[in-house]
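Let's take a walk through this protein together. Please have the sequence and the model open as you read.

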Amino acid sequence: MIRRTTAAKGLALAAVLSLGLAACASSDGGSGDSTEGGGGGSSEPLKIGTILPVTGTLAFLGPPEIAGVGLAIDDINAAGGVLGNDVSVEWGDSGDSTDLNVAKSTATDLISKGVSVVIGAASSAVTLGVVDQFEEAGVMEISPANTAQDLSGYGEFFARTAPPDTVQGAAHGSLILDDGHCKVGFLVQNEAYGTGLRDVIEDTVTKGGCEVVYGGKGAGNEFAPGETNFGAQVTELLAQKPDAISIVAFEETVAIVNELVSQGWDFNGTTYFVDGNLSNYGDKFDKGTLEGVQGTLPGAQADDAFREQLTTWYSENQNGKLEDFSYSAESYDATVLAALAAIKGNGTDGETISKNIRAVSGANGGTEVKTFEEGVKALEAGDDINYVGKSGIGPLNESNDPTSAFIGIYKYGADNTYTYQRQIEGKIEE
C-alpha cells in the first residue's frame with residue numbers, strides 16, 4: 001500500500017509540430033550547462049517546498065499541481081525515499097502577479113525552513129519575481145507550468161517541465177488558421193506570460209498569410225492583471241470585425257466572456273483559450289455559452305489510472321474533489337526529477353540537484369525509466385538514465401527547457417466544461 005503520511009494534510013485550498021528555437025546559454029555560467037555533477041552535497045533528508053496558487057487568479061490550477069507533488073512524494077517514499085530518508089514537503093502559496101508580496105513572503109518562509117528545491121510557480125510573472133531570491137539561497141526551482149520565453153536559460157537554479165510559449169503559441173495559432181480564420185483579435189493581459197504567448201500566436205497567424213486586427217504587438221491594447229471592466233476593449237475589438245478571438249488571460253476571462261456575451265459575440269467555433277484560462281466554468285455562464293470554444297494546454301493527457309491516483313490522493317489529503325488535472329503530470333515529474341537528481345549526485349542540496357537534473361532527464365541518453373523506483377535501480381547499477389514520466393516531455397536542454405512536449409487540444413460543450421480532442425507534439429530544436 002502506498003503510504004500517504006508525508007504530504008501535509010488539511011491545506012486550505014483548495015499529428016507532429018516541429019519548431020526551431022535558438023538555445024539560450026545559462027546566464028550565470030558555472031555549471032548551468034553541466035549534465036551531471038558528483039561528489040555529494042548535503043546528506044540531510046530532502047525537503048521539498050511548493051510555491052503554487054492556493055489563492056489568486058490561478059487558484060484553479062492549485063489542486064491538480066499540489067496533487068501531482070503530493071502523489072509523487074508518496075510514491076518516492078514508498079520506494080524507499082532519497083538516500084535512505086523519507087522526503088518531506090513544506091506547502092506554500094504563490095498567489096498571483098497582482099500581489100507579488102504573497103510569493104515573496106512564501107519564498108522567504110520556504111528558505112527559512114531549509115528546503116532544497118521548490119516546485120512552482122504556476123505563473124511565469126510570479127517566478128520572475130522570486131527566482132533570484134531562490135538562486136541566491138541555493139534553492140533549485142522547478143516550475144511545472146511556466147511557459148514565458150523570458151525564463152529559457154534564466155539560470156542554473158531554474159528548470160521547468162512545461163515547454164516555452166514557442167510550442168503552445170505555434171500550436172494555438174495553427175489551430176486558428178486550420179479552422180479557416182484570417183482576421184484575429186486578441187484580449188491579452190499585460191505581463192510576461194500574456195504578451196509572450198500572444199507574440200508567438202501572432203507570428204504564427206501572420207506567417208500563415210492572415211492578419212491581427214486588434215490586440216497585436218505594439219498596439220497597446222493589453223489589460224492589467226486583475227482587470228474587471230472590459231466594455232471599452234470589447235467594443236473596440238468587435239468594431240474591427242474579427243472572425244476569431246484569442247483570449248490570453250487568467251481569471252479575468254469570466255468578466256471578458258460576460259462582456260462579449262452582452263455585446264452579442266457568437267463563441268461557437270470562433271473563440272480560443274489558452275492554458276491560463278482553460279478551466280471548467282460550469283454554471284458560471286448560461287448553458288451553451290462556451291459551446292464550441294477551443295483551447296490549448298501544454299502537457300500530455302493524463303490517463304485514467306493516473307487521474308484516479310491523483311483524485312484519491314487529493315480526497316485523502318485535502319478532503320476535496322479534484323475536478324481539473326492541468327499540470328498535474330508536470331508537477332509529478334518535476335518532483336521525481338528533483339529526487340532522482342539528488343540520488344545521482346549523492347546529495348540533497350539545491351546545487352547538487354541543479355547539477356544533475358538534466359542528466360536524469362535523459363540529456364546524456366541512458367536507460368529509459370518510467371518510475372522513480374526504476375530510476376533508482378538504474379542509478380545504483382551505475383547507468384545513465386532517461387526518466388520518461390507522466391507528462392511525456394523530452395530531456396531538458398542547456399536552457400533547462402524540455403526538448404519536446406505535447407500540446408493538448410480541447411473543446412467546450414454546452415455545459416461550459418471542456419473535453420480532450422487530440423494532441424500534437426512540439427519539438428524544440430537546438
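Is α10 mostly covered or mostly open, and how many of its 11 residues are buried? Keep in mind as you look that this is a predicted model. The helix α10 is mostly covered, with nine of its 11 residues buried. Those buried residues are Gly350, Thr352, Ile353, Ser354, Asn356, Ile357, Arg358, Ala359 and Val360. Among the elements that cover them are the strands β4, β5, β6 (158-160) and β13, together with the helix α9.

Both ends of α10 are worth a look. In the loop between α9 (328-345) and α10 (350-360) you will find asparagine 346. This asparagine 346 has a positive phi of about 60 degrees, although it is not a glycine. Most residues other than glycine have a negative phi. Asparagine 346 counts as partly exposed because its relative accessibility is 49%. At the other end, α10 is followed by glycine 362, whose phi is also positive, near 110 degrees.

From here we can move to the largest nonpolar core, which has 50 residues. Within this core, Val82, Val117, Leu340 and Phe372 touch the most other members. The elements that give two or more residues to the core are α1 (62-78), β4, β5 (140-143), α8 (304-318), α9, α10, α11 (372-380) and β13 (385-387). Its largest share, 11 residues, comes from α9. Leucine 340 gives a good view of the packing: leaving out residues up to four places away in sequence, leucine 340 touches Val360, Phe372, Gly375, Val376, Leu379, Ile385 and Tyr387. There is also a second, separate core of 47 residues, which includes Val248, Phe267, Phe273 and Ile409. In soluble globular proteins, nonpolar side chains tend to be buried together.

Polar residues can be buried as well, and asparagine 277 is an example: its relative accessibility is 0%, so asparagine 277 counts as buried. Asparagine 277 lies in the loop between β10 (271-273) and β11 (294-298). Apart from neighbours within four places in sequence, its contacts are Phe60, Ile247, Ala249, Phe250, Thr253 and Tyr412.

Now for two more spots with backbone geometry to check. Which peptide bond is cis, with omega near -5 degrees? The cis bond runs from glycine 120 to alanine 121. Alanine 121 sits in the loop between β4 (117-120) and α3 (124-136). Most peptide bonds are trans. Elsewhere, lysine 241 has a positive phi of about 55 degrees, and lysine 241 is not a glycine either. Look for lysine 241 in the loop between α6 (231-239) and β9 (244-248). Lysine 241 counts as exposed because its relative accessibility is 62%, and the cut-off for exposed is over 50%.

Our last stop is a covalent link. The structure holds one disulfide, and this bond joins cysteine 182 to cysteine 210, with an S to S distance of 1.8 Å. The link is left-handed, with -90 degrees about the S-S bond. It connects distant parts of the chain, 28 residues apart: cysteine 182 is in the loop between α4 (165-178) and β7 (183-188), and cysteine 210 is in the loop between α5 (192-207) and β8 (211-214). Are these two cysteines buried or exposed? Cysteine 182 has a relative accessible area of 28%, so it is partly exposed, whereas cysteine 210, at 14%, is buried.

Note on methods. Residues are numbered from 1 along each chain as its sequence is written. This is a predicted model: local features need pLDDT of at least 70, side-chain atom pairs count only at pLDDT 80 or more; totals for chains, interfaces and linings use all residues. Side-chain values use heavy atoms; hydrogens and water are left out. Helices (H or I, at least four residues) and strands (E, at least two) are DSSP runs, numbered from the N terminus. Buried means under 20% relative accessible area, exposed over 50%, partly exposed in between (1.4 Å probe, protein chains only). Contact means heavy atoms within 4.5 Å. A nonpolar core is a set of buried Ala, Val, Leu, Ile, Met, Phe, Trp, Tyr and Cys residues joined through side-chain atoms within 4.5 Å. A disulfide is a pair of cysteine sulfur atoms within 2.5 Å.
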